[in-house]
Amino acid sequence: MFFSGDPTNRKRVDLRGRSSKERDRQKLLEQTRLERNRRLWLRQQNSAALKIQKYLRGRKAVEVERAKVRELFYQSYGKHCENVDRHCFGPDSDFLRQLIFFVNARDINDFSILVETCRLIQHFGRDSRDFVGLFAGMDYLSNHSLVVYRLKRLSFACIQAIHQNRNQLKDQLLMTGEESSEPATILLQALVLLLDPKLPWACKTVGYLMQRNAFSLFREVILTAKENMNDKGSSGKVSALEHVLACMISHVGQSPCICSNMDPQWSFSFQILTIPFLWQKFPYLKQVFASRSLIQYYTNQMALCVQNHANVFPTDILNEFPGYACILGNILETTGAALSQPDCSFEMALDLAAVTTFLLEALPPIKSSSGETSTVGEDDMIVGDDSVEIILDDNLQQQISNAIDSRFLVQLTNVLFGGISTVHASHNEEPEDKEVAAVAAACAFLHVTFNTLPLERIMTALAYRTELVQVLWNFMKRCHQNQKWSSLPERFSFLLGDAPGWLLPLSVFCPVYKHMLMIVDNEEFYEQEKPLYLKDVRCLIVILRQALWQLLWVNPLAHPSSGKSISNTSGQKRHPFETIQSRVGTVASELLSQLQDWNNRRQFTPPSDFHADGVNDYFISQAVMEGTKAHDILKQAPFLIPFTSRVKIFTSQLASVRQRQEAHGVFTRNRFRIRRDHILEDAYNQMSALSEEDLRGLIRVTFVNEFGVEEAGIDGGGIFKDFMENITRAAFDVQYGLFKETADHLLYPNPGSGMIHEQHLQFFHFLGSLLAKAMFEGILVDIPFATFFLSKLKQKYNYLNDLPSLDPELYRHLIFLKHHKGDLSELELYFVIVNNEYGEQTEEELLPGGKNIRVTNENVITFIHLVSNHRLNFQIRQQSTHFLRGFQQLMRKEWIDMFNEHELQLLISGSLDSLDVDDLRHNTNYAGGYHGEHYVIEMFWEVLKSFSLENQKKILKFVTGCSRGPLLGFKYLEPLFCIQRAGGSASEEALDRLPTSATCMNLLKLPPYRSKEQLETKLLYAINADAGFDLS
């Protein structure tokens, strides 16, 4: 070709040196790989086809051979075994050899022959004293291999026949051998004879049956039989099926058993024990299984499976009956008797604790009969989008919860701790391996029990019928003193992973000891030092404080490695370690809070023992911000933070709310005229309808004196403080009838307030909002509340130990009943209480029908706590509820929860100690020519120090409008206390003036008096004039 002038037709040349048509190397390799795989697939197809053909030809040949042998059998022995005698069962006869070769349980003729064979075995077995000779002839030893082989095959054929025809035989499966001659019963009775543990072939036969998964066949047979259980009740006799199962399980694990180990998935434990309510139809099997040797063997077998975390539970029943729940119910129902035996072994108790712990961990929370659930919180359950919530059958829940009763827990705990002394010569000794194993087993089981089952019945038993608290305390105390916590056994790794050794013991010790503290009285705790010595309680406080700080601040909710756990649980449960860490954080906080209450009643350790070492300025700054770890600690364990730090946080939170409120409302819209001599009525009529927003805003008051004239002075905050102090003094005066006084002159709601004031509940609501307003504005009011009433502001429940502050005489009488050694029924006390309000007596029952329930030594503890509850909680419930509603209009619950009752009283009223004049002087400003070294100022401080506490408080009220200083000291008074020179020059006219004040500015206007006596006289006249704000 010649160049045509068109450059587009020029031949393209690949400069890489290869043709453009050359195949890509990667394409070539991929095509080669695909062709190789296709050839491999064709070879596999051909090989599989050859195997299938070979199998089918083999099966066809076997069926042909079986048909031939069947015909020979018919010719020799008849279609109905009419030609069979006892010699046909011997080793020289072909009867059993031919039968076990051709028998097919699905063939009706073969099934009939097998049934007739079993009937003949029963017939000849009863007539012959030598049952072994029936099959082995005169010499068993020389024929034992043949005999064992035949009887193994025959036994399995019988089981197959029952299994494959179970739907047709379901009405016969639970019949007894004595009552029925039905086919199923004949087959089962023959098995009972063949599997007698006394026979020499029994062990090998049972071993063969288990290798052939006989228990899985029996499982399906039993489930089929259970369909008719509702229609046919148990006759009280032992069924043939039950006898067979008893024979199979009774020799396992006993000498001279030579059964080989089998896969746990096909064992009796995981095939039969996972059938719901197994013992209802098989009570005899329950007796056999509950024997010491058998239950110990099977418990150990399950414990080994749990240790390896094998998930081997059948799933062939409804979701309401998960296998792990069914096996748990059946095990618990039988182990109680074994634990009660004096020879129950420590090893069996360990295995039982491991098994039940693993199974209980898989359960969803169980409800009690009263509807109470366990203590596990909603936060401990994380339900995924694709998860299926499992709700246990009510009867199954009842079976489990009834089995783990107080008796069972006491028995298990006592067996585990039976050989452990609660007193050790030296606390420097490390716990022995047995003690560590016992503590781990008991704590793991009880921890999961607390999270799964309701606690209403078991806590008292654990606290007072076992050595649990003493053993756990000695264990924890030695570990703490040695600074080395023993690692727990590997079998509980699924629960704990790499968790520290103190975590599990604390999860059990804390709730049980906390329960004991709710029952013991003051004499037992302080004088007798029960249940722990006070020096041990101090050590316990340190352990709890360090544990809480570690859990909540240093390492909150870590995720250590852990073993595999059961997966077929309710939804997606929180990781076990997260659950236990969260729970310990909760129960340790509750216990430490309760110990702080005991310390507030009568101090046995410095308050600083409750404070964490790591609280610093950074922590305080973080605690104010929501969502931080420090803020979470403030909510869950506020006692770890010093009181002064919490007060700073509280005041900063209030200041933040007030600032937001002031930003929204510039002008004061709530102004009220209040008559001094009708302060409560006027305030209630004008202020009770204020909304929450109005209460947060500024409130200004103008006082009207007894002549109807408005007092001088403009309310810049000082008059309102005076108003708050006066109205609280009037409202909480016992003469008004809304409150009463204890013997210690502490206030609590009057149970009979409704007999005095028709609108008493509305008044309590109003007073609650008034107290909240005082706290909201930082105004201290002199109202000494009883501790048990302050508990109501924290929404807490009062117990027996709070009763002395209300009625010490009643408390002494109740303690007398508690420790009375004689017969209490002779005292003729009943479950009723008499109320006496203003001369009117009423009788109330403490329990339904209490008039007819006599107090006895058995129920006296219940009576004592019901009486305490009636006086401390029930009688004042309406008044407390309405007061709390008004209080919570301004005071959020999370603010109040930062403080205990003793601290809350300090927030309301400040310290009861004398006024700190030196602190006031150190935080005082001067104006008008005065300074700290001025002679008038020197005289003022000398005079103030010489005043009584009452007059010092009057001076403070005269200047600031409040008789109490700021809780954290006068440094926090806003604005600071100030003394200003009044009257100009020191003329006689100026010196004749009285001191005046501007309470809104905390300002004292002091003339320059010449002598100390004159200054003292003028001050006393001014503060005692009761002239309101006319002097200002």
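Strands β10 and β12 pair in the parallel sense over four bridges, where two strands count as paired if DSSP finds at least two bridges between them. The names of helices and strands come from DSSP runs, with H or I over at least four residues for a helix and E over at least two for a strand, numbered from the N terminus. This is a predicted model, in which local features need pLDDT of at least 70 and side-chain atom pairs count only at pLDDT 80 or more, while totals for chains, interfaces and linings use all residues. Residues are numbered from 1 along each chain as its sequence is written, and side-chain values use heavy atoms, with hydrogens and water left out.

Back to the strands. Across the parallel pair, C978 has L1003 of β12 as its bridge partner. L1003 is also the bridge partner of A998, and here the pairing is between β11 and β12 (residues 1003-1006), which run antiparallel and are joined by three bridges. On the other side of the story, β9 and β10 run parallel with four bridges between them, and N925 stands opposite C978 in β10. Put together, these four strands make an open sheet in the order β9-β10-β12-β11, with mixed pairing. Its edge strands, each pairing on one side only, are β9 (924-927) and β11 (996-998). Neighbouring strands are turned by 25° against each other on average, direction ignored; the axes here are lines fitted to C-alpha atoms, for helices over the stretch in contact, and angles run from 0 to 180 degrees between N-to-C directions. Helix α42 (residues 949-960) packs on the sheet and touches β10 (977-981), β11 and β12, its direction making about 55° with that of β11. Contact in this sense means heavy atoms within 4.5 Å.

What about the helix α7? It covers residues 183-194, and at 1.5 Å a residue its 12 residues should span 16 Å, which agrees with the 17 Å between its end C-alpha atoms. The expected span is 1.5 Å times one less than the number of residues. Helix α7 is largely enclosed by the rest of the structure, because 10 of its 12 residues are buried. Buried means under 20% relative accessible area, exposed means over 50%, and partly exposed is in between (1.4 Å probe, protein chains only). Among the buried residues of α7 are A184, I186, L188 and L194.

Aromatic rings are next. A search of the whole structure turns up 51 aromatic pairs. Rings of Phe, Tyr and Trp (its six-membered ring) pair if their centres lie within 6.5 Å, and planes under 30 degrees apart count as stacked, over 60 as edge-to-face and the rest as tilted. F73 and Y77 form a tilted pair, 5.1 Å centre to centre with 50° between the planes. These two sit four residues apart in helix α1 (residues 25-77), so about one helical turn separates them. Both F73 and Y77 are buried. The pair of F732 and F883 is edge-to-face, because the ring centres are 6.4 Å apart and the planes are at 70°. This pair links distant parts of the chain, 151 residues apart: F732 belongs to the loop between α32 (718-731) and β5 (739-741), and F883 to helix α37 (residues 877-887). F732 and F883 are both buried. Ring pairs also tie residues into a cluster, including F73, Y77, F89, F95 and W201.

Charged side chains meet rings too. K629 lies over the face of W553, at 4.8 Å from the ring centre, and the charged end of R877 sits over the ring of F874, 3.9 Å from its centre. The rule is that NZ of Lys or CZ of Arg is within 6 Å of the ring centre and within 35 degrees of the ring normal.

Finally, the backbone has a few oddities. Most residues other than glycine have a negative phi, and most peptide bonds are trans. The bond from K530 to P531 is cis, with omega near 0°, and P531 lies in the loop between α24 (522-527) and α25 (534-554). E529 is found in the loop between α24 and α25, and it has a positive phi of about 55° although it is not a glycine. At 26% relative accessibility, E529 counts as partly exposed. Another cis bond runs from E974 to P975, with omega near -15°, and P975 is in the loop between α42 and β10.
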